[in-house]
Amino acid sequence: MILTRSLTRIVHRAARPVALAAVVAVLAAGLWQFALGGLLSGDDSSGLVARATGSPQLIYSEFSRNSDTIWTAAADNLSQRRAIATVDHAPEYGIFPSLSPDGHRIAYTVLPPDSGQADIAAPAEVWVMDGNGAGRRRLAVDADLPVTPVWAPDSGSLVFRRSVPRENAAGSFQLVRITLAGVETVLVDAGVGLFPVGFSPEGATFYYVQLSADGTNLGRVAATGGPAAPVAHLSDDFARDWHLSPDGTRLAFLAPRDTGDRVSYSATVLDLGGDNAALVLRAASAATALSDADEFNPIWNPNGRDLTVGRLASGSAGAPALQMAAAGVGAERSLAAPPQGFDVPLAWSADGGYLAVRFFEGSSVTNPGRSWVMVVGGSKRQTVAATSDIEVLGWRDGGG
Amino acid sequence: MKRLALLALAITASGVVSLAKPALPVSGCCLPTAPNTYECPEDRGLYLKAMDLAAFNMLFPGDEYFGLPRLETGLRASRSSTEPVIPPILLRSIGWIESVITQATRAIPYGAIGPALISFDCGHGIMQVTSGMTTPLGEGDYEGYASPEQLLVATNYVYNIARGAVILAVKWNAAPENRPIAGTDTNSDPALVENWYFAVWSYNGFTGPGAKRSNHPMDPIYGGWPRVPYSCGPANDGFGHNRGNYPYQELVWGCAAHPPVVNGSSLWSPFELAYPDLNDPRFRGPLNLANFVSPYAAMDIPTPYYAHRDPTDKPRDSLRAQIVGSPQLGLSKTDVRVLVGKERKTIAPQEVIISNQGSGILSWMAIPSASWLQVSPIAGVAVGPELPCSPGAPCEREAKLTLTINTAALPKGTQTAKVRIISPASDETQTINVTIASLTKIGAPGLTKN
């Protein structure tokens, strides 16, 4: 919006037709990126398809006020990135993108730039594009912007959220499955906040979370729709950052832990395999050991057995991401640590060689300081070059 | 009373404001089309001064609609009130989040006159005032039209900012009956900026957890955890800029600490504000999910530490006159006489120039007395000569009012009607008398008489 207005003023003030024509020509040629004074130095925006290098490809979106750019960069040389697509959006509100499991498509929610509705509560749209940015099309309207779509395992459909807000109340909510042909099925309909979690590996069951005064509860429903069923009570309070294990038998998430003088989040694992869901990591009796630490975003390792979590203990400096067994047994292993601050894990490459993390330079949850996205590979840490906020969509194999 | 009742209902039933958006069709809002307004130069100097005046209740003290109410202070069981002062940093930061501190739509350059910024949900101007702006609230002589207050909010940045400040103060005073108190350990002192945490949250809407406009800081709808602080500063400053990742009060807190940069200069000095410590049970406990139940009595929190007082000096009294001005309504003519032929098929539109003979912004609205008499535009501004315009920018300081006769609805014979031009800021009303007379041939050829 600032850019738009500045351009309005530039055009307005252009005293000579030649100057005006030059401005228009630059815009029309799409050369504005080059006019940013080298901000995109090292980028190769001309190609839409990532060059195969053999190294896993990090897929991420980079925010700007009026449009976001989706990039791919090889893990072994992040400075050479390629633009997959640029998505225009309403001023100040970026897209919420999601990479399909097969890596061939990207879905996102967006407030369209011409909607005039730059407000988080405004109706968003769901779009999908091929992995190389081609074939972009709108799938759905009246979606909730900040709820990132969740893909089905076969990459043939996805779930987004639709809601109607009410003052002094949560509103009404739907989780809607939509095929790539645009056929919608309402999976869950409720008067409390709903969040999509994910599908079971074979795609038959869909898990979701609902927030209410009762706390955070996990539910499930057949992926084709039908009656919803409660699965487990995750917390009396806000649980968050839930991740289904690759085999669909466990759910990792953050649950608040109150030790009386401190409240923090800790990684928790719920076993979904039996008739009754049960905690297998960080049951209530294990609270003491982590009483002074915050844990962040428990994600599954590619092996499907272990977890990677961020952990920041009071007074610590340079807190790396940690790998641990989901069952809570065995030694923890630290990844390459930052000199200060702390890491929050985001996504492993499929080969387990690289981990994208969000690094914070601060020393507490309340004051986390500035942040960058980095890639940790072995003992090496690389910063993902960016001119603004980054959201990591995931990784693609580097073979092609 | 009817207007006030409707207004109260609107405040209670809806989110007060919405975030910024360019002007689009404004159906359902108090004015049928976006009226012209004045947009100050890009440095926002006039707007920031007006915000300081509004914060210290120096714009319209005592005014029922545009003057700040006294602020409640103290604990739940022992509330009293104090002189109203809002930390100015909050109005600056809210203004930027709402509209990037612009009164006109984004198509209008700075230092210019053009259509006002009106959002899809009738948020108006700099402070994106929504409450009381969704339907015409005029009554009596204004029945069916915008009320004078609505006109001023829509067209005049001074009143828009003043009203935004009032709404924020009303949100402050909503505690403890309908909102939690922040500052249980500091007597809920409004001089401590951090004590405005819930009031700022409420300015955008106190909606429930899980909603897309939840604003609850623990809500998982806001992406990853923890959140990098929000920034209105440069995109590459290492802080966050995508507004969809933040509850409203964190947008405002972040913008205060990381101010916008315009033409190389920050619009204000960075002002770090403390957030509730979410590891501390004194904050985290009240923010428990189970406590988000109206009237939120279990959500009271201490003052986030370490709290800050806004060091902004109270403006000098003379600043008010400079900002508010002294508008005076001027009309190029007050009698419009139209002679029409027998056929009465068409009648050429008539024009009246509305000017500001004084200073500041003169907001006006035109109300015709007859259905066959149409006015366009229905409202707008006439701008005093002291307000700066950018070279070459559209800046017609005088407004051109077009009177159109709808011949299909025009009764036969001589007709008279009036157009009342109201200027609420100067408390003036002038009338344009319109006479439609028929041309009738009588007597000798060439001699006419009506």
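Two residues are taken to be in contact if their C-beta atoms, placed from the backbone, lie within 7 Å. By this criterion, the contact between the two chains takes 55 residues from chain B and 63 residues from chain A. The side of chain B that touches chain A divides into 29 nonpolar, 18 polar and eight charged residues; here Ala, Val, Leu, Ile, Met, Phe, Trp, Tyr, Cys and Pro count as nonpolar, Asp, Glu, Lys and Arg as charged, and the others, Gly among them, as polar.

The model is predicted: local features need pLDDT of at least 70, side-chain atom pairs count only at pLDDT 80 or more, and totals for chains, interfaces and linings use all residues. Residues are numbered from 1 along each chain as its sequence is written, with chains lettered from A and ligands numbered from 1 in the order in which they are written.

Helices (H or I, at least four residues) and strands (E, at least two) are DSSP runs numbered from the N terminus, and two strands pair if DSSP finds at least two bridges between them. In chain A, four strands form an open antiparallel sheet in the order 5-6-7-8. Strand 5 (96-99) and strand 8 (137-143) of chain A are its edges, each pairing on one side only. In chain B, five strands form an open sheet of mixed pairing, in the order 8-15-14-10-12. Strand 8 (335-340) and strand 12 (379-383) of chain B each have a single partner strand, so one side of each is left without a neighbour in the sheet.

Three antiparallel pairs are set out below.

| Strand pair | Bridges | Opposed residues |
|---|---|---|
| 7 (124-130) and 8, chain A | four | Ala124(A), Ala143(A) |
| 10 (361-368) and 12, chain B | five | Met365(B), Ala379(B) |
| 15 (215-222) and 16 (229-235), chain A | five | Asn217(A), His233(A) |

The hairpin of strands 15 and 16 of chain A has six residues between the strands, and Gly225(A) takes a positive phi near 100° in it.

Helix 3 (residues 88-99) of chain B has twelve residues, which at 1.5 Å a residue should span 16 Å; its end C-alpha atoms are 17 Å apart, which agrees. The expected span is 1.5 Å times one less than the number of residues. Twelve of the twelve residues are buried, so helix 3 of chain B is largely enclosed by the rest of the structure. Buried denotes 20 or more other C-beta atoms within 10 Å of the residue's own, with C-beta atoms placed from the backbone. Among the buried residues are Arg92(B), Trp96(B) and Glu98(B). Their cover includes helix 2 (45-55), helix 5 (157-173), helix 6 (197-204) and helix 7 (248-257) of chain B. Just after helix 3 of chain B, Val100(B) takes a positive phi of about 50°.
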